[in-house]
Amino acid sequence: MSTKTKKSSDAKLRQSKSQSRKYILNDGTKFIITEAYNTARTNLIFALSQTDNKAISFTSSGSAEGKSTTCLNMAITFASTGAKVLLIDMDLRKPVQHSLLKINRSVGTSTILSGQCTVSEAIVKEVRPNLDVIPAGPIPPNPSEILSSPNTGKLIEVLRSHYDYILIDTPPVNVVTDSQLLNNYIAGTVFILRDNYSRHNELARALEQIKLANGKVLGFIKTACEVSGGSGYYKKSYYNYNYSYSEPADHKHS
């Protein structure tokens with residue numbers, strides 16, 4: 001697929017923020033969707049059981065794969081257990097969490113890391129029960145430099161003492177290297193794939209970049225799955241997005 005064709009395909013798959021908000025978990029979400037997220041949460045808790053670090057990032061190989069919506073929904077799912085959860089938008093190039101949640105991003109990650117505001121000034125409290133959010137803040141001219149500063153590690157370390165889980169939305173691996181700047185501060189990364197869209201060679205390249213940067217992949221979540229076969233119950237309960245989690249045996253992909 002040529003670069004031009006790929007960009008055209010990405011544009012078609014991207015949805016308006018109002019459309020994306022339809023896929024945020026709520027009381028009306030279908031049972032099969034909430035249960036899939038619950039399963040992913042259980043597997044992630046198991047994957048984190050051997051470490052005190054409960055900060056994890058979410059990324060994908062490219063754009064339009066459902067990364068940000070999935071990150072938000074996993075944060076909501078963790079918070080539903082009563083755990084104290086923080087979602088941080090560290091996609092400082094194309095942030096969307098503020099749009100999904102309809103919150104202000106005049107302050108956020110970028111202004112914290114550049115010393116323009118305090119952490120407490122940037123945290124949006126209780127966007128959902130037990131869930132706080134730090135939006136991305138204004139888009140800076142130098143995202144990589146800001147994220148690679150010592151302030152990033154200090155921020156995550158401080159926040160870890162106040163929250164049970166920290167979920168971080170980061171840019172796609174094959175687009176920019178920003179997400180790999182966090183590897184020393186987090187337990188690992190959850191990788192997002194889009195059914196019938198994500199390409200094997202792009203996935204392999206992204207996983208290799210994570211490996212080279214000493215990152216750890218905790219598992220995969222596949223979005224926009226098509227349901228074929230199965231019982232009438234599942235056919236009826238399916239609502240556009242289905243999510244599955246699998247923990248990889250290793251990081252080697254041909």
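Start at the second largest pocket, which holds about 240 Å³ of space. The closest residues to its centre, out of 13 that line it, are L25, N26, I76, S80 and R128, so select those five. Before moving on: this is a predicted model, where local features need pLDDT of at least 70, side-chain atom pairs count only at pLDDT 80 or more, and totals for chains, interfaces and linings use all residues. Residues are numbered from 1 along each chain as its sequence is written, and side-chain values use heavy atoms, with hydrogens and water left out.

How is a pocket found here? On a 1 Å grid over the protein atoms alone, a pocket is an open set of points where a 1.4 Å probe fits, with protein on both sides within 12 Å along at least five of seven lines; lining residues have an atom within 4 Å of a point. Points are joined across faces, edges and corners, and the volume is the space filled by probe spheres set on them.

Next, colour α3 (31-47) and α4 (67-79), which each give at least two residues to that lining. The largest share, 4 residues, comes from α3. Helices here are DSSP runs of H or I, at least four residues, and strands are runs of E, at least two, numbered from the N terminus. The chain has 11 helices and 8 strands.

Now go to strand β3 (residues 124-128) and strand β4 (residues 131-134), an antiparallel couple joined by 2 bridges. Strands pair if DSSP finds at least two bridges between them. Pick V124 and you'll find its bridge partner, V133, in β4. The hairpin has 2 residues between the strands, and N130 takes a positive phi near 70°.

Jump to I168, in strand β5 (residues 165-169). Is I168 buried or exposed? I168 is buried, at a relative accessible area of 0%; buried means under 20%, exposed over 50%, partly exposed in between, with a 1.4 Å probe and protein chains only. Draw a C-alpha to C-alpha distance to I88: the two are 80 residues apart in sequence but 4.8 Å apart in space. Beyond neighbours within four places in sequence, I168 has contacts (heavy atoms within 4.5 Å) that include F58, C71, M90 and L182.

From there, click C71, which counts as buried at 0% relative accessibility. C117 is buried as well, at 12%. Looking for disulfides (cysteine sulfur atoms within 2.5 Å)? The whole structure has 0.

Finally, zoom out: 53% of the 254 residues in the chain are buried.

Definitions and conventions. A disulfide is a pair of cysteine sulfur atoms within 2.5 Å.
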